[in-house]
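Trainee: Could you take me closely through a single part of this model, and then follow its aromatic contacts outward from there?

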Amino acid sequence: MTRLSTALFLLLVPLTASAGAKDAAIKSAMEKIWEQGDMSVIDEAYEEEIGNEIKRFVKENRDLYPDLQIEITDSIIKGNRFVTVWRATGTHKALGKKVVLEGVSVRKREGGKFTEERMFFNQKTIYDQLGFEVTPPAGLSPFNATALVERSEDAHAE
């Protein structure tokens, strides 16, 4: 499948394709974008503003994890929403440590192009695998709203 036909197929699959063909199209497009760095798929499938953000994000991550691999483990297309469950693996370029990350992407299509994409994943999973420790400021907990509000008010008063 050519770059253009992959992008067009990705946009048209909800209208005509079987479930297997839909999954194959999504998998093909995500592999071309994430593993091969084929930004033309983004140009064809996404509205320009969101497409530029996605290209930046893809480039940064491909630079940091040169052997990045994406596995689509599930996908759901309902109306104008595309939900993709994915698993990413790659080796951090500077640290030489392998990272495995699972997440979900939700895309919204309007006027023939994707106009919105949201990614959900646990950033702490990456830090843990790379050997970083995440320590909240002394005396604060994300579960203690009162302390957070007081600290925020103190910062604004200064």
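Mentor: In this predicted model, helix H5, which covers residues 123-130, is capped at its N-terminal end by Asn122, with a side-chain oxygen of Asn122 lying 2.9 Å from the backbone nitrogen of Lys124. Just after H5 comes Gly131, whose phi is positive, at about 90°.

Within helix H5 sits Tyr127, which counts as partly exposed because its relative accessibility is 34%. Tyr127 joins Leu95, Phe132 and Val134 in making a nonpolar surface patch of about 360 Å².

As for the aromatic rings, a search of the whole structure finds five aromatic pairs. One of them is the tilted pair of Tyr46 and Phe114, with 5.2 Å from centre to centre and 45° between the planes. Tyr46 lies in the loop between helix H3 (39-45) and helix H4 (48-64), whereas Phe114 belongs to strand E4 (residues 113-121), so this pair ties together parts that are 68 residues apart in sequence. Both Tyr46 and Phe114 are buried.

Back at helix H5, Tyr127 and Phe132 form an edge-to-face pair, with 6.4 Å from centre to centre and 85° between the planes. Phe132 has a relative accessibility of 44% and therefore counts as partly exposed, as does Tyr127 at 34%. Finally, Tyr46 and Phe114 belong, together with Phe82, to one aromatic cluster.

Methods:
Residues are numbered from 1 along each chain as its sequence is written. This is a predicted model: local features need pLDDT of at least 70, side-chain atom pairs count only at pLDDT 80 or more; totals for chains, interfaces and linings use all residues. Side-chain values use heavy atoms; hydrogens and water are left out. A polar contact is a pair of N or O atoms within 3.5 Å; within protein, one must be able to donate a hydrogen and the other to accept it, and residues adjacent in sequence count only if both atoms are side-chain atoms. Helices (H or I, at least four residues) and strands (E, at least two) are DSSP runs, numbered from the N terminus. Patches are made of residues with over 30% relative accessible area and no salt bridge: like charges are joined within 9 Å, nonpolar side chains (Val, Leu, Ile, Met, Phe, Trp, Tyr) within 5 Å. Accessible areas come from the Shrake-Rupley method with a 1.4 Å probe; for residues, only the protein chains shown count as cover. A salt bridge is a side-chain nitrogen of Lys or Arg within 4 Å of a carboxyl oxygen of Asp or Glu. Buried means under 20% relative accessible area, exposed over 50%, partly exposed in between (1.4 Å probe, protein chains only). Rings of Phe, Tyr and Trp (its six-membered ring) pair if their centres lie within 6.5 Å; planes under 30 degrees apart count as stacked, over 60 as edge-to-face and the rest as tilted.
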